[in-house]
Structure formats: structure tokens, C-alpha cells
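Here are some notes to read with the model open beside you. Take the points one by one and find each piece on screen before moving on.

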Amino acid sequence: MENKNNFDYLLADLTKLNGVGKKTMETLKKKKVNNIFDLLWRLPKSYTDRTFITKTCDLLVGKVQTVRVVALKYQFPRVRNLPNRVNCFDSTGKIDCIFFNSHEGYIRKILPLNEEVTINGKVSSYKGRYQITNPTYVSLDSSIIETVENKYSLTEGITEKTYNKIINQILKNLPILNEWHDKEILKNFDNESWNDAIVKLHDPTNIENYKASFYKRLAYDEILASFLVNSEIRKKIKKIKKISKKFTKKPFIDITNKLDFNLTKDQLASLEEINKDLNSKSKMFRLLQGDVGSGKTIVCLISALNVISSGFQVALMAPTEILARQHYALAKKLFPKNLSIELLSSKSENIEKKRIVKELENNEINMVFGTHAIFQKKIIFSNLGYIIIDEQHKFGVRQRKLLSDKGGNNCDVLLMSATPIPRTLTMSVYGDMDVSIIREKPSNRKEVKTYSKLESKIDDVIKFVKKEIKEGNQIFWVCPLIEESKKIDHQSSVNKYKTLSELFPNNVALLHGKIDNEEKEKILNKFLNKEYAILVSTTIIEVGIDFPNANVIIIENANKFGLSQLHQLRGRVGRGTKQASCILMFKTNLTINAKKRINILKNSNDGFEISEEDMKLRGFGDLLGFKQSGVKNFRLADPIQNEDLFVMAEKQIRKIELENSNIDKYKPLLKLYDQADIINDIV
Ligand code: ADP
Ligand code: MG
């Protein structure tokens, strides 16, 4: 196949390859290899060197070796089940080739008498004679065999030989792509072209050569592609024209007068950024990122009131009803009484729901709170100007884009997330949005004191809990993920509930994944109303809910959690002004590594810093929420090893944005690396 300038070759179906049939294609598809391009990233793990020819007198039994011999005599027994045999020799000795299941004709063809053939295979010994059974290679053209062959982590049903044939075929036919990088960028990679780099990637002598220019170039390609797609989506959203929102300082003053604290500098700065976007003539698509307890809610509520005062409706969506209710209650408290704000709850009477739906459509409601239910089809806003979405870090780029489209052109969008991510990843995870960050915690906060305790010291913990309860504080008791199995986790929380109930009668509540939403909410509400002192739960303690009175969190089997996750859990307490504590319990003494991890948590209360460290220790894939978020994993690039490349790509994106450069030359890059539909949408 001649493909030198055929870009589409890379995106072609595997059956376009010689030697790949339907079966092989299906096998590879199961491994998420859908086209030729995907195959390029399955890298060789090691290689077999067949360049060395062994004389028959030097053969070693049990080893795979290559010999160059002449066939002397065939032995084709007429008895079934006996193998065919070919006696061969070289100048130093003899060896037999044994064939099970091969026809006479075929053997005569590949091993003609009196001609020199090269044979490769595992050498054994039988009745004092060397033999190779079912040789891997037999060829008259020794150059085919005497090569170095890569070993890939093989897929069942595909032999190494076939696999190498396929890869070599692809490498030979790689289309020559026009360079997409600027000259200055390419200099950083020794001007390595994409084609050369790909060939080098499969060169056995380059295995694990992560520091080499070709490798870095390919990693950079991948990073830039992911950043660029997001940047294009962002640009596209920013181009959407809207009616700008006009408001005065009054809503801000009204609300802040009702607060018994001052907003932090970061809260004010974020609000300023949001206001500016609301005022502008283009659509806002912004992320408000801030650690747990950094005070995002108040920022979004002030901005909501600004939008309402400019004559638009606002919708706030929370991941759970209880959180929606909490935000609603706060707005009720802070907003002027003449406004109409509503909670659309699954529990409301049907009549009530119908009334809200009707009033939203008639522009009689200024702001509605709820779960995703507020975006059902039947709900029509007459004048929606602002969507706020709380705690939806699990939304991927695509879902966010859909959401932004849903609101219509005049609708600004604010997402809030308490999941800090390492800086290197911001562009690939949130690059489609503008980002405001609240780093600073309210000044009245005392840092949560973090302790580790062995499970055998449970009596000390109980003593501590008793003391806290006496002081009127509440406690979260998080039961561990013992196994990956929900059933066992469930059992462990039930058992814990029983033991604690004996110690603290009528003062313990239990929450686990099997309890339905309605019941769950009842329990949480009771806990909020201080009807129980202890809440035993699996890790499902709601994100975002403000429990000002909960002061202690105990996390069992803490080594089962990532640092970011522990930090999130810890963030459930310490929202009031009292000193809060987090007790991490362990089954056995900590290893040095585990100690290091826990010390990071003890010494830092900064979610961003913790997420950086967590990533360094556990790798990117395990970071909280990432697996679910649909953020794609990189093939070569590693956010830890290639931090410099991430920084370089970010700079390049900023440059492209600033100079408003035409990105046509990057189109092949985007098409190859992000074969997502979204490309059609943006490019
Ligand atoms: P999150 O950013 O995790 O959503 P919240 O908005 O729920 O945090 O705020 C957590 C708690 O901090 C709330 O009780 C809120 O009233 C309080 N809070 C918010 N801003 C400040 C501030 N500037 N000073 C003191 N307390 C604040
Ligand atoms: Mg929140």
C-alpha cells in the first residue's frame, strides 16, 4: 500500500493492513485499538535479537536460536500423529526440523532440499539429536529472520511474528505529515519530526528512553493537542454574544451587611472576575475553584443576586437535594424578602411542582434551587440568565459544553468545585473554562488538627470522643473501604454502628450506600439538628454540606484512601470557630512511605498542595474524581515527569490565544490525537 501522503491512512481501520483479518481486528478492538494510529502507542517492552547465527556444534538446548542449514532429507511418515521431519546440517553438525500439523507440500516449499535456509526456534534434544519443533521462522532469505524483533505486551490470539509484521508495515507506510509545531518549539526536541519520532519509538534500542528528544516531542504533541482542543472550545464559547447584565453595588452591600464576617481577599477577587464577565457582552463560562470550606457559596449567591437585580432568572444546581436545600435556606436568609426564590424538590407535592414550573415559565420566580431535575425538558425558563452548578467536578468537558449550550446565549455559567488539581493539569482538565481560584481560607478558621492512631488504641479515641460530646460537639465516623466490595463495606459500617450504639446509646446514626435518598436526607437533617452526636458512615458523607457543629472526623483504615480524598473528608469538619480534629486510624504501624504521605496531610491544609503531592505519590490516574471525570489519560505524557512540557504547552496556548493565530496547521494534530466529535464542533 502506498500511503506516503495519505493522512487518512493513520485513522484507517485495521483491516486496511496486510495480514490483519476480521479476527485480529476484533481482538485488538477489545484492547481499545480501533485504528492504525492507536496501534502506534502500544510500545515494545523488550526485544529478541536473532541477528546471531549459531553453528550446530554450539547449540544450547532449551534456548531460542537461529541456525543456517541445508535440508538433506525428508521423513514423511505415513502413520497418523507422527510428525514430519526434515534432516538438516551445516558444516559443523546436524539438526532436525520437526513439523506437527504441516503438510508435506508446504514443507517441501519452505525447506527445499540442498538449499541454504535460515531457521529460528527453540532447540531441544531427542535421542541424542538436536531438533527444532515447529520453528518460528524458516526462510530462504536470511535477512528476514536475522533481525531484531520487538516484544510487545501481546494480545491473546496474535503472535509476536504477526504483531511485528503489522507494526513494521505501518512504520514503512507512515504518511509524511507537515510539521505542526513552530520552529522555536521544535528546537527543544532536536528538530525531531513526527515521523522520525514514531519510528524511533518502536526502535528496540530506544525502549524506555523517556528522556530522548523523540519521546519528548511525541509527549508534547499529545499535551498540546489536549490543551488546544480545550482552548478552542473556550474561544468558541467566548465568541457567543449576550445581553450584558447591568447591576449596582446594592445587592453586594445588602448581603454583606447581613454577614457576621468579612469576605476574604480571594472571595472578593473571584467575585470581581465573575462580575466583570456578567457585565461583558460575551457569555461567561467560568470555574470557581476553591478548597473545601473556602466560602464559594457566598460568592455565588452574591453574583446570583446581581443577575436577578439586572432582570434575569437564576438557576442553581447541586449534586444532592440536601445541598440544594442548604443553599436555598441560605439564600432565603440573605436575599431581599420581596424576591421569589424556590426549591424544586423531588419531595414536593405535585401541585407545588406544577406551580413552580408554571411560575418559572411566567417569569414569576427569580431563582430556583434543585438537583439536575431543574434542567428537565419540561422546565422552561422565561428569562434564564445564569446557571450555577455546585460540586460537579465529575462533569467532563463534553458535559460542560452541553450545559453551556442548554442555557442559551444569554445565559452565563458558573461551575464550582472543591477538588483542587495539580497546576500542570488545570489546562487539560479545565482548559475550556476561565478559572477563578479561592486559595485563602477564612481567617477565623483554625486548622484541623490531624492525628494518626493505631486501631489497637481505640480506647483512647473513644475517651476523646466522650470528651467532645460532653462539650456539645458532633463526630463523623468514617468506616473504611475494607475491600473493593460494597457488601463488606456496608457490613463494617453496620458493625461499627452497633458497637458505638452500645457505648453511646441513642446518640449514633448510620448512613451507608444502601439507604435510599429520602431516608439519607432525613438522617442528615437529624444530624444537622444535633439529634445525634455521632454519624457513622461509609465515604458517602455528602460533599459540600456545611455542618458547622461537627468537629471531629475519625477515618478508619486511612491508608486505603488517597491524600486528596482524606483532605476532602477532613474538610467536612472545622467549619465553625472551634478547634476541630481529624483522627486517621491504621491497622498496623505505618511504613516509611505511608508516614511520608500522612505527614503531608498533617502539615498542610492546602488542597492544591496536597493534590500535587498526592499525584507525585500515586500518579495522575488515581487522583480523586479523575477516573469518573472522563478526563483522558495521556499515552506518553506524564504530568509528573514531563512537567516542563506541560508548562511549555500552556505558554504556547497563551501565545496562540494572545496573537489570535490561525490554528489550521494544528488540525492534523487535533484530528489524530483527539479523535473526538467535539473537533467537528470546533475546528
Ligand atoms: P465551600 O467553598 O466548601 O463551598 P462554603 O461556602 O460552604 O464553603 O463555606 C463554608 C463556611 O464558611 C460557611 O459556614 C460560610 O458561612 C463560612 N464562610 C464563608 N466565607 C467566610 C469568610 N470570609 N469568613 C468566615 N466564614 C466564612
Ligand atoms: Mg460548597
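**Notes on a sheet and a helix pair**

1. Let's start with strand β14, residues 412–417: six of its six residues are buried, so the strand is largely enclosed by the rest of the structure. Keep in mind as you look that this is a predicted model.

2. Which residues of β14 sit on each side? Asp412, Leu414 and Met416 are on one face, Val413, Leu415 and Ser417 are on the other, and all of them are buried. In other words, both faces of β14 are covered.

3. Now look at the neighbours of β14. A quick reminder: strands of a sheet pair through backbone hydrogen bonds, and they can do it parallel or antiparallel. Strand β9 (residues 285–290) runs parallel to β14, and five bridges join the two. To see the match-up residue by residue, find Leu287, whose bridge partner in β14 is Leu415. Then find Leu288, which stands opposite Met416.

4. Strand β13 (residues 384–390) is also paired with β14, again in the parallel sense and over five bridges. Here Ile388 is the residue to click on, as it stands opposite Leu414 of β14.

5. Zoom out and you'll find that these strands belong to an open sheet of seven, with parallel pairing, in the order β11-β12-β10-β13-β14-β9-β15. The edges are β11 (341–344) and β15 (434–438); each has a single partner strand, so one side of each is left without a neighbour in the sheet. From one strand to the next, the twist averages 15°.

6. Something lies across this sheet too: helix α10 (residues 265–279) crosses over β9, β13, β14 and β15. Its direction is at about 155° to that of β15.

7. Next, a pair of helices. Two packed helices are described by the angle between their axes and the distance between the axes. For helix α8 (residues 213–238) and helix α23 (residues 643–659), the angle is about 40° and the axes are 9 Å apart. That angle is neither under 35 degrees nor in the 65 to 115 range, so α8 and α23 count as oblique to each other. The crossing of α8 past α23 is right-handed.

8. What do the two helices touch with? On the α8 side, the residues include Tyr220, Ile223, Leu224 and Phe227, while α23 brings residues including Leu645, Phe646, Met648 and Ile653. Sorted by class, this contact has twelve nonpolar, two polar and seven charged residues. Among the residues taking part are Lys216 and Arg234 of α8, and Asp644 and Glu650 of α23.

Technical notes
Residues are numbered from 1 along each chain as its sequence is written. Chains are lettered from A and ligands numbered from 1 in the order in which they are written. This is a predicted model: local features need pLDDT of at least 70, side-chain atom pairs count only at pLDDT 80 or more; totals for chains, interfaces and linings use all residues. Side-chain values use heavy atoms; hydrogens and water are left out. Buried means under 20% relative accessible area, exposed over 50%, partly exposed in between (1.4 Å probe, protein chains only). Helices (H or I, at least four residues) and strands (E, at least two) are DSSP runs, numbered from the N terminus. Two strands pair if DSSP finds at least two bridges between them. Axes are lines fitted to C-alpha atoms, for helices over the stretch in contact, and angles run from 0 to 180 degrees between N-to-C directions. Angles under 35 degrees count as roughly parallel, over 145 as roughly antiparallel, 65 to 115 as roughly perpendicular and the rest as oblique. A crossing is left-handed if the near helix is turned anticlockwise from the far one by less than a right angle, and right-handed if clockwise. Contact means heavy atoms within 4.5 Å. Ala, Val, Leu, Ile, Met, Phe, Trp, Tyr, Cys and Pro count as nonpolar, Asp, Glu, Lys and Arg as charged, and the others, Gly among them, as polar.
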